[in-house]
Amino acid sequence: RIAVLSDVHGNLVALEAVLKQLKRDKPDFVLVAGDLVLNGPDPNGTVDALRALEKDGGIIVSGNTDIAVGDFDYGSAFPQYQDGVPDTITAAAEWAHDELGDDQLDWLRRLPAERRIRAGDDQLVLVVHASPGSQTRGFDQELDANIVFERAAATDARVICVGHTHLPEVRDLGWKVIVNDGSAGYVFDGEPTASWAIVTVDGTEVAAEIRRTEFDVLSVANA
């Protein structure tokens with residue numbers, strides 16, 4: 001059983017609610033698919049909580065906004081903005097950067113872009129922020145099916161765990177399963193909860209489901 005979460009975006013309250021649920025569920029692996037600190041009220045506490053999770057065996061990768069916060073490389077983090085990144089984004093990245101200590105920033109910068117584990121009958125599971133080989137090209141829901149298959153084919157992994165779009169969904173392509181956990185801090189589907197996913201690998205069989213966890217939305221909004 002593999003828990004997948006991502007896109008915490010500095011929302012420590014939501015992250016703590018999800019982590020509390022994980023302590024009850026006791027998955028065998030916890031994968032975190034990046035975008036950890038930008039835009040939320042508590043990047044500092046979020047990094048500390050994730051580092052504690054990592055010490056307990058959690059596997060964490062970087063997202064595109066983590067590059068923005070860590071190194072201010074906006075061209076890499078936001079390639080969609082051809083005419084320059086909006087001031088609101090740069091201001092938020094600079095604020096989050098200043099909130100973090102040097103050791104926390106070093107940890108953020110050291111995170112890999114991708115990680116892999118083996119589960120079930122040696123099934124390969126990939127965790128990456130957007131899609132195999134990319135932190136910015138996601139599995140958007142309106143994406144052409146040919147592009148979905150092309151991006152999925154860029155890895156040998158049977159299970160591809162991602163975030164980035166903030167819209168939770170599971171796509172079973174037959175030969176591969178794409179698990180987009182949505183967002184554990186900043187979901188875009190209008191439901192005021194933290195979304196994450198549980199993947200079950202039983203031999204060669206793979207099943208996945210989206211979970212929703214309530215948190216104090218008003219306190220986060222006020223913060």
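**Exercise 1. Decide whether D35 is buried or exposed, and describe its backbone.**

Solution. Step 1: D35 has a relative accessible area of 3%. Step 2: buried means under 20% relative accessible area, exposed means over 50%, and partly exposed is in between (1.4 Å probe, protein chains only). D35 is therefore buried. Step 3: D35 is found in the loop between β2 and α2. Helices (H or I, at least four residues) and strands (E, at least two) are DSSP runs, numbered from the N terminus. Step 4: D35 has a positive phi of about 55°, although it is not a glycine.

A note on the source: this is a predicted model, in which local features need pLDDT of at least 70 and side-chain atom pairs count only at pLDDT 80 or more, while totals for chains, interfaces and linings use all residues. Residues are numbered from 1 along each chain as its sequence is written, and side-chain values use heavy atoms, with hydrogens and water left out.

**Exercise 2. Give the location, phi and burial of H9.**

Solution. Step 1: H9 lies in the loop between β1 (2–5) and α1. Step 2: its phi is positive, about 50°, although H9 is not a glycine. Step 3: the relative accessible area of H9 is 5%, so H9 is buried.

**Exercise 3. Which residues does T65 touch, leaving out those up to four places away in sequence?**

Solution. Step 1: T65 is found in helix α3. Step 2: contact means heavy atoms within 4.5 Å. With residues up to four places away in sequence not counted, T65 touches H9, D35, L36, L38 and F78. Step 3: take the pair T65 and L36, which are 29 residues apart in sequence and 7.7 Å apart in space, C-alpha to C-alpha. Step 4: T65 is buried, with a relative accessible area of 5%.

**Exercise 4. Check the span of helix α2 and list its buried residues.**

Solution. Step 1: helix α2 covers residues 43–55, which are 13 residues. Step 2: the expected span of a helix is 1.5 Å times one less than its number of residues. For α2 this should be 18 Å, and the end C-alpha atoms are 18 Å apart, so the two agree. Step 3: the buried residues in α2 are P43, G45, T46, V47, A49, L50, R51 and L53. Step 4: these buried residues pack against α1 (12–25), β2 (29–33), β3 (59–61), α5 (87–99) and α6 (102–110). Step 5: just after α2, G57 takes a positive phi of about 110°.

**Exercise 5. How many of the eight residues of α3 are buried, and what do they pack against?**

Solution. Step 1: seven of the eight residues are buried, so α3 is mostly covered. Step 2: the buried residues are N64, T65, D66, I67, A68, V69 and G70. Step 3: they pack against α4 (74–77), α5 and α6. Step 4: I67 counts as buried at 18% relative accessibility. Step 5: residues touched by I67, not counting those up to four places away in sequence, are S62, F72, D73, S76, A77 and Q135. Step 6: just after α3, F72 takes a positive phi of about 55°.

**Exercise 6. Describe how α3 crosses α5 and α6.**

Solution. Step 1: two packed helices are described by the angle between their axes and the distance between the axes. Axes are lines fitted to C-alpha atoms, for helices over the stretch in contact, and angles run from 0 to 180 degrees between N-to-C directions. Step 2: the axes of helix α3 (residues 64–71) and α5 come within 8 Å and cross at roughly 65°. That makes α3 roughly perpendicular to α5; angles under 35 degrees count as roughly parallel, over 145 as roughly antiparallel, 65 to 115 as roughly perpendicular and the rest as oblique. Step 3: the crossing of α3 and α5 is right-handed. A crossing is left-handed if the near helix is turned anticlockwise from the far one by less than a right angle, and right-handed if clockwise. Step 4: A68, V69 and G70 in α3 meet A93, A96 and H97 in α5. Step 5: the axes of α3 and α6 come within 9 Å and cross at roughly 140°. That makes α3 oblique to α6. Step 6: the crossing of α3 and α6 is left-handed. The contact is made by D66, V69, G70 and D71 of α3 and L105, L108 and R109 of α6.
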